[in-house]
Amino acid sequence: MTIRRLSESDAPALRALWADGLRRDPSAFLLTEDELLAIPDDRFAADIPTQDWFGAFVGDDLAGYVVARRGGVTRLRHTADIGPLYVAPQAQRQGMGRALMQRLLDHLRETGLLQAELTVDAQNTRACALYRALGFSVIGRRPRSVMIDGVARTDLLMIRALDGTDLTGSDQATPPH
């Protein structure tokens, strides 16, 4: 397995793997397959270098990916929002998801970010366990975050400091009333 930053030339493989994941497990993603496929090819490819995309390859084949979107406005530039993370079924349970996430977190820390955040479906127990093992903590729940075929799903909001700060402990200021 090789993990590297994705580029515009990886767009066809990335789109194909993402669409495959949407067909196999649509509830694990925010976008629908129709929404993904509606993005014009040139825009899809052009967006890759503007975000932190990493791919895991087996030989020449893309078998998994993860992305982080950095905060755009000045006051959010110390953060990144992670997701989606996806590993093809034939490559699952081999440490690829963990390796992708760790490489991304290392990259974010190396480039000066202070924290990483993500949301995950509360019913996605495998993903929740992976994120906890990587040092993420649940900081909240978002009921009815997503509606899938008319069924409300609850997301967990998770966070991890990249600089060692305790973001979930008692050292946090109490908000004003």
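Author: Helices (H or I, at least four residues) and strands (E, at least two) are DSSP runs numbered from the N terminus. The model is predicted, so that local features need pLDDT of at least 70 and side-chain atom pairs 80 or more, while totals for chains, interfaces and linings use all residues. Residues are numbered from 1 along each chain as its sequence is written, and side-chain values use heavy atoms, without hydrogens or water.

Reader: Which strands stand at the edges of the sheet?
Author: The open sheet has seven strands in the order β1-β2-β3-β4-β5-β7-β6, with mixed pairing (at least two DSSP bridges between two strands). The twist from one strand to the next averages 25° (axes are lines fitted to C-alpha atoms, for helices over the stretch in contact, with angles from 0 to 180 degrees between N-to-C directions). One side is left without a neighbour in the sheet, because each has a single partner strand, in β1 (2–5) and β6 (137–148).

Reader: Which residue of β2 is the bridge partner of R5?
Author: β1 pairs with β2 (residues 52–58) in the antiparallel sense, over four bridges. In β2, the bridge partner of R5 is F54.

Reader: At about what angle does α1 run to β3?
Author: Helix α1 (residues 11–24) lies across β2, β3 (61–70) and β4 (79–87). Its angle to β3 is about 90°.

Reader: Which residues of α5 make the contact with α4?
Author: The axes of α4 (residues 96–110) and α5 (residues 125–133) come within 11 Å and cross at roughly 45°. The two helices are therefore oblique (neither under 35 degrees, nor over 145, nor from 65 to 115). In the contact (heavy atoms within 4.5 Å), G97, R98 and M101 of α4 meet, from α5, L130, Y131 and A133.
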